[in-house]
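Student: Before we accept the labels attached to a structure, could we go through the reasons behind them, one at a time?

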Amino acid sequence: LLRDSEATRASALAAIRRAAAAARPGGVLVIYLQAHGLKLDGVTRLALYDYSATRPVETGLGMPDLARVLIESWRGGSLILVGDFCYSGALAQVVQKVSAAGKGPAAAICSAVASDRATSRWSFLDALVAGLSGNSDVDEDGNNTVTFRELSNWIIGAMVYGEDQMAEVTMAGGFSSQLALARVSEYTRHP
């Protein structure tokens with residue numbers, strides 16, 4: 001977790017590199033990215049703590065930078081990128097590149113499509129937390145497990161109906177939409 005002044009471009013890339021390299025074979029790595037997203041010259045970048053508008057290429061964390069670090073470092077099984085920023089649908093390109101490089105199954109759940117800004121409310125994060133906490137409302141088939149597909153559907157619904165905004169979900173490299181992400185919590189079951 002990087003917050004405030006800790007969240008520089010260099011520290012973010014280093015943290016992602018460490019997490020990717022430390023992943024166990026067959027494991028699942030989830031990377032949650034929340035920042036200001038900018039689209040400059042066709043490249044989506046994250047404006048982290050040390051971002052400078054006069055030097056966006058050098059200081060913004062571009063999606064090509066993220067893809068490069070993951071391709072160099074990722075050693076696990078399934079990769080899930082979660083983007084909660086304007087133009088976060090650009091993570092689809094990262095997923096495609098990582099998968100095309102033979103790094104295995106990858107997916108992204110994004111609060112906005114690649115061509116759109118995100119909302120300023122917390123609907124995406126609320127929906128994500130509900131699913132990963134095992135909220136029974138997210139468990140579509142009632143089997144007491146929240147899968148990637150169910151979480152994706154829940155988030156898409158929350159964004160469309162709560163924000164009037166399209167979320168984006170991408171899977172590549174044989175990523176299983178049935179990947180179990182959470183067990184349903186007994187505290188969220190309805191009688």
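The conversation below takes up the salt bridges, burial, sheet, cores and pocket of this predicted model.

Student: Why is the contact between arginine 9 and aspartate 65 called a salt bridge?

Tutor: The rule asks for a side-chain nitrogen of Lys or Arg within 4 Å of a carboxyl oxygen of Asp or Glu. The side chains of arginine 9 and aspartate 65 meet at 3.0 Å, N to O, so the pair satisfies that rule. Arginine 9 lies in helix α1 and aspartate 65 in helix α3, 56 residues apart, and the pair thereby links distant parts of the chain.

Student: What makes aspartate 65 buried, and what is the state of its partner arginine 9?

Tutor: Aspartate 65 has a relative accessible area of 14%, and because buried means under 20%, that value puts it in the buried class. Arginine 9 is likewise buried, as both members of this pair are.

Student: How do you know that arginine 68 also forms a salt bridge with aspartate 65?

Tutor: The closest N and O atoms of arginine 68 and aspartate 65 are 4.0 Å apart, and the pair is listed as a salt bridge under a cut-off of within 4 Å. Both residues lie in helix α3, three residues apart, which is about one turn of the helix.

Student: Why is arginine 68 called partly exposed, whereas aspartate 65 is called buried?

Tutor: Arginine 68 has 36% relative accessibility, and the partly exposed class runs between the limits of 20% and 50%, so arginine 68 belongs there. Aspartate 65, at 14%, is buried.

Student: What links glutamate 72 to arginine 68, and which class of accessibility does glutamate 72 fall into?

Tutor: The side chains of glutamate 72 and arginine 68 meet in a salt bridge at 3.9 Å, N to O, and these two residues of helix α3 are four residues apart, again about one turn of the helix. At 42% relative accessibility, glutamate 72 counts as partly exposed, because exposed would require over 50%.

Student: Which residues make up the network of salt bridges, and how many salt bridges does the rule give?

Tutor: Arg9, Arg17, Asp65, Arg68 and Glu72 are linked in the network, and by the rule the count comes to five salt bridges.

Student: How do you know that strands β2 and β3 pair, and in which sense do they run?

Tutor: At least two bridges are needed between two strands, and β2 (residues 36–40) and β3 have five, in the antiparallel sense, so the requirement is met. Leucine 40 stands opposite valine 43 in β3, and glycine 37 has leucine 46 as its bridge partner in that strand. Two residues lie between the strands of this hairpin, where aspartate 41 takes a positive phi near 50°.

Student: What joins β3 to β4?

Tutor: Strand β4 (residues 61–62) runs antiparallel to β3, and two bridges join them, with arginine 45 standing opposite glycine 62.

Student: Why are β2 and β4 placed at the edges of the sheet?

Tutor: The open sheet of three strands has the order β2-β3-β4. Because β2 and β4 each have a single partner strand, one side of each is left without a neighbour in the sheet. Strand β3 (residues 43–47) is mostly covered, with four of its five residues buried.

Student: Which residues touch the most other members of the largest nonpolar core, and where does its largest share come from?

Tutor: Leu66, Leu70, Leu79, Leu81, Leu91 and Val94 touch the most other members among the 29 residues of this core, and the largest share, five residues, comes from α3. Leucine 66 touches Ile16, Leu33, Leu81, Leu91 and Val94, not counting residues up to four places away in sequence. Apart from this core lies another, of 18 residues, among them Ala127, Ala130, Leu151 and Ala182.

Student: What lines the largest pocket, and which strand supplies the largest share?

Tutor: The largest pocket holds about 590 Å³ of space and is lined by 20 residues, of which Leu1, Leu2, Tyr32, Leu33 and Gln34 lie nearest its centre. The largest share of the lining, five residues, comes from β1, while α1, β1 and β3 each supply at least two.

Student: Why is asparagine 153 called partly exposed?

Tutor: Asparagine 153, in helix α6 (residues 148–163), has a relative accessible area of 36%, and because that value falls between 20% and 50%, the label partly exposed applies.

Notes: Residues numbered from 1 in each chain as written. Predicted model: local features only at pLDDT ≥ 70, side-chain atom pairs only at ≥ 80, totals over all residues. Heavy atoms only, no water. Core = buried A, V, L, I, M, F, W, Y, C linked by side-chain atoms within 4.5 Å. Buried < 20%, exposed > 50% of the residue type's maximum accessible area, 1.4 Å probe, protein only. Contact = heavy atoms within 4.5 Å. 1 Å grid on protein atoms, 1.4 Å probe; cavity = no way out; pocket = protein on both sides within 12 Å on 5 of 7 lines; lining within 4 Å. Points joined across faces, edges and corners; volume = space filled by probe spheres on them.
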